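Biologist: Got a minute to go through this model with me? I'd like to start with the empty spaces.

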Amino acid sequence: MEKCPTDIKQTARNMLEGNIIPFWQGLRDEIHGGYYGHMDIDLKVNQKADKGCILNSRILWFFSEAARILRRDDLLDDARHAYNFLAQNCIDKVNGGIYWSVTYDGKPADTTKHTYNQAFAVYALSAYYEASGDKTALETAREIFTLIEERFTNSGGYGEAYDCALNPIENDKLSENNIIAARTMNTILHLFEAYSGLYRAARDGKAAEKMRFILDIFSNKLYNPELQRQDVFFDSNWENLIDLTSYGHDIESSWLVEWGAGLLDGDEDASLRETVSGICSALADGTYEKAYRENSLRNECLGDEQDEKRVWWVQAEAVVGFLNMARKHPEQTKYQKASENILSFIKEKIIDKRPGSEWLSEVMPDGSHTPSRRAIVEEWKCPYHNGRMCLTLLSADY
């Protein structure tokens, strides 16, 4: 990100090296491998909690990217620790694919094979290959990519949830609001991200082909031009199931999809990148108008009901998304200001000031705790969004 201001870069470095990295290094399980899977709001680590494979993949991705960008051997060792646990314990050696979760000592727990989870394994293994040069990691990423394309696809796109033997099952893990979705925007977004990571790491032509396919889904199925948003939950025919706006996913997509599309460099890709860039700008602008309030970003909107919680990952993605808009549209200074204000909100109200903690999962706009008292670490609370924010601000790889 060439135009990222120096003070923002320094703030990102301080967050990364002073808080996020040492916190997650401290959760390394030296006995059973991987990283501990749960820390409650009172900062108590449950060393026998199940270890979510999404969490492990995201930790692997984070330490791999941090090692590559910061050029630190200790972080590569942290990444290797996560990689060894994933390779030895999280991947099904019989049926293929990665489990949803394993026990604290690495035995299969929830053996669901979800497309979302496969995607993050591809993403993490590709990043680890880039950082370490370990060709076995790249081979495993390609094996999971092939599994997705051969077993997780269906007419018009991708299925979501499968049992251990790769038979389709109900998609309860990525459905919400009393509906069961056959397709979700969230899975498609992160599948595209994973394939982008594989393409960046290995210039994999098959990955590029599928990236273009997913960009067509993004442009023509997910994006709703009338409402200037992505729809979230769909039936098998891509019919929208609910009037829901996910501000966090919209602002995340606004920069992440553009980043991935920018990697494509075929003769036919220029017009595709232009189309995607226009949609991404519309998503970011719509999010700014509808969700940027009190120097932070609302969570989502169901019908006319605004969810005013300030969720950790939504704020992280907003910093990057609005800075991307500031880069594209420097004449519109509101985006630069929004990024700076949200970064200050994170420093003041999201980062937990207690020693031994990291970021709070969610707060109210005034910084007070929400009633849920959500955990500091669990299968979805990880160093991926906030760590990626910092690493993106520090690098020009954007």
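**Cavities, pocket and a helix pair**

Biologist: Which residues line the second largest cavity?
Modeller: Ile41, Leu360, Ser361, Glu362, His369, Thr370, Arg373 and Arg374 do. A cavity is a set of points on a 1 Å grid over the protein atoms alone where a 1.4 Å probe fits but cannot get out, and lining residues have an atom within 4 Å of a point. Keep in mind that the model is predicted, with local features needing pLDDT of at least 70 and side-chain atom pairs 80 or more, while totals for chains, interfaces and linings use all residues. Residues are numbered from 1 along each chain, and side-chain values use heavy atoms, without hydrogens or water.

Biologist: How much space is in there?
Modeller: About 40 Å³ (the space filled by probe spheres set on the points, joined across faces, edges and corners). The structure has three cavities of 30 Å³ or more.

Biologist: And the largest pocket, what lies nearest its centre?
Modeller: Glu176, Asn186, His249, Trp313 and Trp380, out of 27 lining residues. The pocket (an open set with protein on both sides within 12 Å along at least five of seven lines) holds about 620 Å³ of space.

Biologist: New topic: which residues of H3 meet H4?
Modeller: Leu76, Ala79, Arg80, Tyr83 and Leu86 in H3 meet Leu125, Tyr128, Ala131 and Ser132 in H4. Contact is heavy atoms within 4.5 Å, and helices are DSSP runs (H or I) of at least four residues, numbered from the N terminus.

Note on methods: Helices (H or I, at least four residues) and strands (E, at least two) are DSSP runs, numbered from the N terminus.
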